[in-house]
Amino acid sequence: MNTTPIIRILLVEDNPTDLLLIEEALTEVPDFESRLVRAGRLSDALVLTRREPVDVVLLDLGLPDAQGLDAFTAFRQQAPELPVLVLTGLEDMSVGLQAIQDGAQDYLPKRDIRASELSRAIRYAIERHRAAAALKESEERFQLAVSGASAGLWDWNPGTGSVYVSSHTGEMLGYEEGELSAQDAVFEMTHPEDVELVKARLAAHLKGRHPYDVEYRVRTKSGEYRWIQSRAQALWNRSGEPYRMVGWIIDVTERRRAEEALRRSREELQRLSANIEHAREVEKTRIARELHDDLGQQLAALKIEVSRVEGRLNDIATTAVGVDVRNLYAMIDMLVDSVRRIATDLRPIMLDDLGLIPAIDWFLDRYSVRHGVRVVRHIDADEIDFNAESATAVFRIVQEALTNVARHSGATEVTVEIVCVGPDCIVRIADNGRGRPADAREAVNSFGLLGMRERAANLQGTLQIRTAPEEGFTLTVTLPLASVQARE
């Protein structure tokens, strides 16, 4: 539903005849409904503006307390927020034009006022005042942004080449105001290696409307080069020709220096890391070799010493002592051979590099090839996140158990099982070898089994053995998941 707008009008007029003519013209205006407030003196009008809200002022320039432009100037100083429509006589038309130059919205001759002209003049005065107020606010906002921004603002006309730069732009680069007003000066400041980059990005924006965002070096007034980031947006006319481009620059020198320092630090860290890894592998190889040499020497000496007394044991060859000594000799011989093979096939295996299951798979592959024993695997432990201690313990248990199988069982097949059952991790090694009596002392108290029992106990686990002659040997280790899994 359309409603007739209401316009509040302050009429400042002291002549009763002119006042009556204007009031009658207002009653005939069809475009809006007027709410009229009257004042016969300038001083009274100023009081009313502070008390009554009005939309427009009709101001006569011939008042008892003010005449001509002085009346308009005095009113505008006191009420600059109100649009003023000046009323003049036929003899002072030039005064009306001067009032418009000084800020009045329009003027009307009082002796020839018609409703249509009055309506148009009032509406025009209000709209022009609103536009002027909006423009002023926009300009003030822009000036505040320019003066308060840490970035340097610039405004370039591609057609004329003229450039406006904010004062902060000059301060950023050490130039005085006005020294960066030409396009050529901007390119002359750019580092020679970056000029083509800037021109290419500018052309891509103006012709292809690609985003303009570029970092390049500029020369300050002192001759130093600094890095800046520049972003801008152009405006194009209906023909597609750019006619204006506005942007900003910020100094990113410190950020670029920090990025360069970080890049160098990363390269240095990578170099150091590579050197450390190389040194680590060299050190592991050296330690392993030294251990092999030392252990081999000790075992070789022990073997020589045993061989010296071997000839003296012929008379007790059938005794238990003779059997034990010969078994010891055979074990030393096997151990020396094992150490020698390890040294010739040295390969650093770190559980923290491979992970437990891949390390066990590698060991089982090597074990099967070396000893000619078929290995059956039932490993389903992907959901178990072994910590460092439990991973080492499980790997050593499997390794020691299979070493015992190779040395003592005569088995042709061994089954290795690592599974998760309820709240426990189960590690089971079973062979099809000759087995032993369940109560045999060596079956339950050998050094290998004692070590495995200790590892299981350290993880709050248990170790069980099931064996019988010609029925093989089965080792079952039960470890609580709470003890083997890594803690978050």
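1. A good place to start is the pairing of strand 11 (residues 225-236) with strand 12 (residues 242-251): the two run antiparallel and are joined by nine bridges. Within this pair, Ala-234 sits opposite Met-245 of strand 12. Strands here are DSSP runs of E with at least two residues, helices are runs of H or I with at least four, and both are numbered from the N terminus; two strands pair if DSSP finds at least two bridges between them.

2. Please keep in mind that this is a predicted model, with local features needing pLDDT of at least 70 and side-chain atom pairs counting only at pLDDT 80 or more, while totals for chains, interfaces and linings use all residues. Residues are numbered from 1 along each chain as its sequence is written, and side-chain values use heavy atoms, without hydrogens and water.

3. On to the whole sheet: five strands form an open, antiparallel sheet in the order 9-8-12-11-10. Strand 9 (163-165) and strand 10 (212-219) each have a single partner strand, so one side of each lacks a neighbour in the sheet. Neighbouring strands are turned by 25 degrees against each other on average, direction ignored.

4. Helix 8 (residues 195-208) packs on this sheet, touching strand 8 (152-156), strand 10, strand 11 and strand 12; contact means heavy atoms within 4.5 Å. The direction of helix 8 makes about 150 degrees with that of strand 10. Axes are lines fitted to C-alpha atoms, for helices over the stretch in contact, and angles run from 0 to 180 degrees between N-to-C directions.

5. Finally, helix 2 (residues 42-51) and helix 3 (residues 69-78) pack at about 20 degrees, with axes 11 Å apart.
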